[in-house]
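Me: Please take a close look at one part of this model, and then set it against the rest of the chain. Give the cut-offs as you go.

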Amino acid sequence: MPPTWVLLVALGFCCAALVFWLYIALNLVAPVPRPPRRSEKQYATILPDGKRSEAKELPCWIDKWSAEKEVAKQRAGPGRVVLPPQMPIEEAELFMSVVVPAYNEEERLRGMLEEAVDYLLKAYGGAHDSEGEEDNGKKRQKGWEILIVSDGSTDATVDKALEFAREHQLSQHSVPASGPWESGLTHPEHIPHGSIRVIALEENRGKGGAVTHGMRHVRGQYVVFADADGASRFTDLNKLVEACKTIEDKEGRGVAIGSRAHLVGSEAVVKRSKLRNFLMHSFHLLLRLMTPPATAAIKDTQCGFKLFSRPTLPYIVPYMHSEGWIFDVEMLMLAESADIAMIEVAIGWKEVMGSKLNVIWDSMAMAWGLAVLRAAWMLGVYKKD
Ligand SMILES: Nc1nc2c(ncn2[C@@H]2O[C@H](COP(=O)(O)OP(=O)(O)O)[C@@H](O)[C@H]2O)c(=O)[nH]1
Ligand SMILES: [Mg+2]
């Protein structure tokens with residue numbers, strides 16, 4: 001029997017080797033988002049005469065922010081990390097940005113947009129209302145935009161989105177419309193041109209890739225992402241805004257998380273297959289075990305309705321890696337690591353036919369994605385530099 005110290009050294013050596021190989025393996029498997037292509041930094045919209053615009057350049061806060069950060073890093077000297085407090089994001093131009101990831105959503109998108117536009121007009125005025133506001137450093141209170149990010153769709157998602165914009169810009173007599181939650185919607189105002197912007201990713205990235213991409217180009221004081229099927233009740237948006245305001249710190253940072261946790265056991269959730277509910281519970285258990293405390297305490301991390309105040313964005317968007325369904329967890333973990341407060345808000349939610357989630361395959365991908373994500377951040381494969 002070798003002496004204890006020899007055993008301990010051998011054990012230490014094995015652990016070090018394991019971490020080393022894990023590190024190497026993680027470098028190979030951990031996702032690295034591809035940089036946006038030229039055409040993906042552009043958008044299409046509908047012009048006042050109803051024609052589709054030429055490709056227009058998207059405003060991009062993150063490019064400016066990254067360039068300023070590079071300069072600050074060079075000033076700070078080698079090896080020094082420059083993090084956002086010294087690096088504020090450029091000011092908002094309007095109150096609310098809505099990012100809609102859409103993958104082959106030609107059927108479901110219209111109903112969601114009807115409800116979103118109806119609510120945005122009522123709650124935040126015409127899309128350009130903020131333009132008249134005094135820009136004296138005060139926060140924007142009005143105006144909105146919708147960024148539809150077609151995630152390499154192979155159907156007519158882009159055309160349908162633009163068709164919706166055209167009809168709502170030009171129609172003189174509002175025709176009653178409906179969405180998953182409401183019927184008989186009429187829009188007394190026409191939506192101003194340019195308020196709906198359509199971005200087309202050249203190749204499919206996954207929901208996380210599409211949402212993150214959209215968030216690089218938002219102009220809003222608040223940013224929400226919402227699913228293209230209108231499953232979340234859009235009129236609950238103000239609940240998120242009000243809840244977010246209650247937790248914002250002195251820099252204005254806060255995240256409000258739409259939640260379906262109160263619906264567990266109700267018809268909406270019971271209507272899902274037993275398998276989907278079983279996998280949902282297993283995923284929650286895994287999350288609780290694998291994520292840091294504030295993220296682990298969130299009861300519903302996967303709801304596609306989350307709101308961020310603008311000063312929060314530089315702490316999250318530049319450091320995102322997840323392209324698929326697990327991206328919400330990465331966003332929450334990044335917020336937690338930057339000490340940003342998060343609040344869960346109960347919202348209305350409806351199962352909408354036509355989900356493209358493959359229950360078994362996507363659940364396995366999510367569990368794997370979560371393990372890789374957590375390990376990559378813990379072992380320094382991913383870092384904030
Ligand atoms: N399935 C799928 N959805 C995507 C993708 N990229 C973006 N999405 C959007 O993610 C949102 C949620 O998708 P959905 O199929 O309704 O999933 P579920 O509500 O979780 O069952 C929708 O807005 C999709 O269009 C993708 O690559 N695959
Ligand atoms: Mg859905």
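Reply: Asp339 counts as exposed because it has 10 C-beta neighbours inside 10 Å; the classes are buried at 20 or more other C-beta atoms within 10 Å of a residue's own, exposed at 12 or fewer, and partly exposed in between, with C-beta atoms placed from the backbone. This is a predicted model, in which local features need pLDDT of at least 70 and side-chain atom pairs count only at pLDDT 80 or more, while totals for chains, interfaces and linings use all residues. Residues are numbered from 1 along each chain as its sequence is written, and chains are lettered from A and ligands numbered from 1 in the order in which they are written.

The phi of Asp339 is positive, near 60°, and the residue is not a glycine. Most residues other than glycine have a negative phi. Asp339 sits in the loop between helix H11 (327-337) and strand E9 (342-346); helices (H or I, at least four residues) and strands (E, at least two) are DSSP runs numbered from the N terminus.

Asn104, also not a glycine, has a positive phi of about 50°. Its loop lies between strand E3 (94-102) and H3. With 19 other C-beta atoms within 10 Å, Asn104 is partly exposed.

Now the interior. The largest nonpolar core has 91 residues, of which Val99, Val100, Ile148 and Val224 touch the most other members; such a core is a set of buried Ala, Val, Leu, Ile, Met, Phe, Trp, Tyr and Cys residues joined through C-beta atoms within 7 Å. The most residues in this core come from helix H3 (residues 109-124), which gives nine. Leaving out residues up to four places away in sequence, Ile148 touches Val100, Ala102, Ala161, Ile196, Val198 and Ile199; a contact means C-beta atoms, placed from the backbone, within 7 Å.

For the chain as a whole, there are twelve helices and nine strands, and 43% of the 385 residues are buried. Of the contacts between residues at least 6 apart in sequence, 81% join residues at least 24 apart. The radius of gyration is 22 Å, which agrees with the value near 21 Å for a compact globule of 385 residues; the radius is taken over C-alpha atoms, and the globule rule is 2.2 Å times the number of residues to the power 0.38. Along the principal axes, the C-alpha atoms fill a box of roughly 90 × 55 × 40 Å.

Key. Contact = placed C-beta atoms within 7 Å.
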